[in-house]
Amino acid sequence: MTAWNFDHCPDRRGTGSMKWQRWAGQEVIPAWVADMDALAPATVLEALRARIEHGVLGYSVPQRSFAESACAWLATRHGWTVEPDAIVPLPGVVTGFNMFCRAIGAPGDGHLCPIPCYPPFLSAPGNQGQRLLRVDLAQEASGWRLDQAALDAATDATTRSLLFCHPHNPTGRVWTDAELAAWAEHCRRHDLWVLSDEIWADLVLDGRHRPFVCAAPDLAARTVTLYAPSKTFNLPGLCCAIAIIPDADLRKRFRAAGAGIVPSAEGLGMLGAETAWRTGGPWLDALLDHLRRNRDLVRATLARLPRLKWQPGQATYLAWIDAQQSGVADPAAHAVAHGVGLSDGRDFAAPGWLRLNFGCPRATLETALERLARAFG
Ligand SMILES: Cc1ncc(COP(=O)(O)O)c(C=O)c1O
């Protein structure tokens with residue numbers, strides 16, 4: 001077994017795994033929440049083991065080397081120059097959504113959000129007594145697109161920000177330069193703040209990721225970019241993320257919004273993240289090849305299932321599947337009844353849709369897809 005055999009994953013049942021506990025005791029392959037059935041990079045595990053061996057697990061303080069490793073990774077992988085001072089460690093990206101709304105909005109204010117969307121976007125404004133302003137994406141023959149008319153219609157005098165997800169979960173879209181320019185122009189015109197969740201940036205299967213602020217440098221002072229090693233290296237349980245906030249005033253506001261409520265990232269998480277950013281490049285490249293092959297298998301299977309429709313995006317290990325014409329009232333429950341557990345589109349403000357997580361060993365995916373084919377064939 002090489003250090004990155006993505007066709008091998010230890011049995012996760014009984015480990016308190018959110019993904020595997022959901023249908024515990026049932027013959028259901030869980031392919032829902034976005035964590036992969038994959039070991040973390042060996043270098044990360046070694047570093048964590050050494051820290052555990054030391055045996056003292058006291059409070060930690062973020063090290064300069066943590067921020068520097070993030071900056072080096074962003075420069076190498078995405079051509080983005082970030083100053084270490086711009087990095088704010090966080091215990092999670094979702095935490096950052098809520099801090100952002102709190103930092104820049106007041107009760108009653110509105111936040112634009114492309115729909116369908118990752119569920120915690122739907123609740124973040126409401127958690128602060130603010131409002132989510134839905135911007136339904138358009139679906140064209142070529143894939144999901146920004147609908148400028150929908151964006152204009154959703155924007156009103158109360159609108160404070162755009163809650164942006166790039167690459168986009170669940171559709172897998174990597175927004176093109178032209179689309180980034182259009183989103184940015186809207187923010188300029190309406191004087192909006194921007195939250196750009198780029199947690200999926202490293203998992204681009206076709207093309208490349210361009211950070212929002214690289215496409216719109218003039219908006220950098222109004223933008224909070226959220227980023228993490230958790231999707232990239234399968235480390236979500238380490239609860240470590242960062243906000244990238246070049247503007248010192250905005251950084252202060254953002255930090256103040258979490259004061260007394262939000263802890264920093266903790267020691268094991270930051271150690272895992274720093275190790276991953278410093279050593280994880282080859283592991284990630286191998287993972288991307290594995291995910292591309294898995295995506296090919298999903299594509300080939302779904303091509304045989306006319307009741308399901310899928311327009312593959314360019315990123316993520318998630319397939320966003322249209323089951324509205326499947327003839328089944330509750331496609332997610334129907335899939336579970338056939339032994340495969342997918343995310344239910346209802347949670348993404350898109351009833352009738354399903355999200356399949358293909359970040360798993362090939363054999364697991366084959367079985368999951370056989371079951372899906374039995375359910376919808
Ligand atoms: C777009 C997006 N943002 C944030 C998260 C979660 O981030 P965290 O676990 O750091 O809160 C996910 C997890 O799937 C996600 O897809």
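**Figure 1. Aromatic pairs in the predicted model.** The structure, a predicted model, holds 17 aromatic pairs. One of them joins Phe6 and Trp283 in an edge-to-face arrangement, with 5.2 Å from centre to centre and 75° between the planes. This pair links distant parts of the chain, 277 residues apart. Phe6 belongs to the segment before helix 1 (18–21), whereas Trp283 lies in helix 11 (residues 281–303).

**Figure 2. Surroundings of the Phe6 and Trp283 rings.** Phe6 counts as buried because its relative accessibility is 7%, under the 20% limit. Trp283 is buried as well, with a relative accessible area of 4%. Both residues belong to a cluster in which ring pairs link Phe6, Trp73, Phe233 and Trp283.

**Figure 3. Arginine side chains over tryptophan rings.** Arg22 lies over the face of Trp32, at 4.5 Å from the ring centre. In a second view, Arg222 is placed over the face of Trp193, and here the distance to the ring centre is 4.4 Å.

**Figure 4. An open sheet of five strands.** The strands follow the order 1-13-14-12-11, and their pairing is mixed. Strand 1 (29–31) and strand 11 (309–310) stand at the edges. Each has a single partner strand, so one side of each is left without a neighbour in the sheet.

**Figure 5. Pairing of strand 1 with strand 13.** Strands of a sheet pair through backbone hydrogen bonds, in either a parallel or an antiparallel sense. Strand 1 and strand 13 (residues 340–344) pair in the parallel sense, over three bridges. Within this view, Ile29 stands opposite Val340 of strand 13.

Notes. Residues numbered from 1 in each chain as written. Predicted model: local features only at pLDDT ≥ 70, side-chain atom pairs only at ≥ 80, totals over all residues. Heavy atoms only, no water. Phe/Tyr/Trp six-rings, centres within 6.5 Å; stacked < 30°, edge-to-face > 60°. Helix = DSSP H or I, 4+ residues; strand = E, 2+ residues; numbered from the N terminus. Buried < 20%, exposed > 50% of the residue type's maximum accessible area, 1.4 Å probe, protein only. Lys NZ or Arg CZ within 6 Å of the ring centre and 35° of its normal. Pairing = 2+ DSSP bridges.
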